[in-house]
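This report describes a structure with a bound ligand, taking the protein interior and then the ligand surroundings.

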Amino acid sequence: MDSIIVRGGAELNGQIPIAGAKNACLALMPATLLSEEPLTLTNAPRLSDIRTMTTLLQSLGAEVSALAGGKVLAASSHGLTSSRADYEIVRKMRASNLVLGPLLAREGQAVVSLPGGCAIGARPMDIHIDALERLGAVIDLRDGYLHASAPAGLRGARVPLRFASVGATENVLMAATLAKGTTIIENAAREPEIVDLAQCLRKMGAQIEGEGTATITVQGVDRLHGATHAVVTDRIELGTYMLAPAFTGGEIECLGGRLDLVGAFVEKLEAAGLEIEETERGLKVRRAAGRPRAVNVVTEPFPGFPTDLQAQMMAMLCTAEGTSVLEERIFENRFMHAPELMRMGARIDLSGGTARVTGVERLRGAPVMATDLRASVSLILAGLGAEGETVVSRVYHLDRGYEQVEQKLSAVGARIERVAA
Ligand code: EPU
């Protein structure tokens with residue numbers, strides 16, 4: 001397994017291009033299952049999770065090819081040969097469950113493995129199941145698999161979600177495009193990735209209104225056609241690199257960055273003392289003199305502060321002046337990075353879903369290990385600001401969600417390299 005070595009202390013200056021959003025692309029790719037005609041996605045990120053989704057779609061009989069070095073995905077689901085998402089693939093990546101809604105809508109049936117445990121929380125699928133049952137699906141759990149069928153076809157319905165789940169909103173939105181009649185999703189997730197999916201589905205001929213609000217209305221159509229769609233900018237990669245100058249000083253321009261993707265996050269960055277400027281090409285961030293200031297953070301569904309930036313924010317607050325309180329409200333076990341940061345000298349008290357972080361002058365490099373994607377990158381950021389050398393192992397987590405992280409950071413002056421084990 002590869003490791004990443006970071007030698008801290010170098011100021012960072014320059015531009016970092018931000019890729020297309022992993023989590024948008026992972027929802028857009030299964031949308032190909034809804035149509036016999038080709039779907040082309042541009043601005044796709046080059047990540048191992050995208051390759052896993054490619055493998056899954058291919059196992060269902062879809063043709064998926066990566067063009068232009070992986071930045072373009074050409075998919076076609078002319079003749080599907082299977083409706084089964086196998087445990088071997090689903091256990092690697094939970095987003096595999098996003099084939100459930102499209103397969104049900106197109107094939108009238110789907111067999112999808114339940115994903116099992118996950119490093120950041122239990123992550124059940126009850127909201128997905130309840131939502132699809134409201135559209136007329138019959139779903140049983142047997143042998144660890146959800147067996148879903150829609151004997152009479154899916155029918156539009158009122159679908160109130162007990163929580164604004166991103167994945168459940170995506171599954172029911174895709175299923176509803178081909179259901180008979182009108183579906184009204186209430187308490188829908190409002191994330192930019194949902195808006196991106198709705199925009200792509202509309203290009204494919206779906207009739208959707210209200211994406212980006214809590215109520216999405218879908219008028220079912222008989223069939224969807226082909227389309228070409230550019231994946232929205234990755235707001236989590238954007239937020240991650242926007243934090244970098246807080247650790248190192250200097251000025252970073254994140255190319256493709258947009259304020260509407262990171263509103264609540266930017267408010268916290270400014271409160272911590274970072275200066276953010278909109279430019280023609282993206283967002284520029286610089287650290288005002290001295291250490292960042294402590295801020296309190298509560299993670300919430302969009303437009304609140306994203307859980308996917310909590311680990312990176314915590315790493316930054318480890319050297320802020322004062323004590324910060326971070327409350328994680330989306331996942332019950334998403335503080336695995338805290339004990340690793342403490343190995344670097346951070347002062348963190350954990351109690352349930354709350355972390356109290358008292359800033360120290362400087363972290364010190366150490367060998368560290370991470371159990372999930374966002375935790376891994378938080379340790380790299382911490383290493384950039386730390387004294388000495390930080391070795392981050394289990395880098396495969398990082399490769400799921402950050403393309404060319406060493407190249408992007410070394411291009412702006414970081415001392416970072418990957419070593420093969
Ligand atoms: N939940 C349930 N039942 C369900 C579905 C969700 O209880 O049926 C709970 C989950 O256990 C969790 C909360 O609801 O506590 C939020 O889950 P949600 O369904 O909104 O998340 P997701 O669709 O599984 C996506 C992203 C995550 C991101 C979350 C929250 C993708 C592929 N994944 O997951 O991304 O953290 O939304 O914004 O879109 C990451 O990229 O590192 C990542 C984990």
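Leaving aside its neighbours within four places in sequence, which residues is Leu173 in contact with? The model is a predicted one. In it, Leu173 is in contact with Ile185, Ile194, Leu197, Ala198, Leu201, Ile208, Ile216 and Val218, when neighbours within four places in sequence are left aside.

**Nonpolar cores**

Leu173 belongs to the largest nonpolar core, which has 80 residues. Together with Met29, Leu57, Val99, Leu154 and Leu201, Leu173 is among the residues with the most contacts inside this core. Helix H6, spanning residues 166–177, contributes the largest share of the core, six residues. Another core, of 67 residues, lies apart from it; among its members are Ile4, Leu317, Ala375 and Val395.

**Ligand surroundings**

The ligand is surrounded by 22 residues, of which Ile127, Ser165, Asp308, Ile330 and Arg374 come nearest. By class, the shell divides into 10 nonpolar, five polar and seven charged residues. At least two shell residues are supplied by each of helix H1 (22–28), helix H5 (126–134), H6 and helix H12 (373–385). H5 gives the most, with three residues.

The following table lists polar atom pairs between ligand and protein.

| Ligand atom | Protein partner | Distance |
|---|---|---|
| Nitrogen | Asp126, N or O atom in the side chain | 2.8 Å |
| Oxygen | Val166, polar backbone atom | 2.8 Å |
| Oxygen | Gly167, polar backbone atom | 2.8 Å |

Taken alone, the ligand exposes 830 Å², and the protein buries 87% of that area.

Technical notes. Residues numbered from 1 in each chain as written. Predicted model: local features only at pLDDT ≥ 70, side-chain atom pairs only at ≥ 80, totals over all residues. Heavy atoms only, no water. Core = buried A, V, L, I, M, F, W, Y, C linked by side-chain atoms within 4.5 Å. Buried < 20%, exposed > 50% of the residue type's maximum accessible area, 1.4 Å probe, protein only. Helix = DSSP H or I, 4+ residues; strand = E, 2+ residues; numbered from the N terminus. Contact = heavy atoms within 4.5 Å. Near = heavy atom within 4 Å. Polar contact = N/O pair within 3.5 Å; in protein donor to acceptor, adjacent residues only side chain to side chain. Areas by Shrake-Rupley, 256 points an atom, 1.4 Å probe, with all protein chains shown as cover. Nonpolar A, V, L, I, M, F, W, Y, C, P; charged D, E, K, R; others polar.
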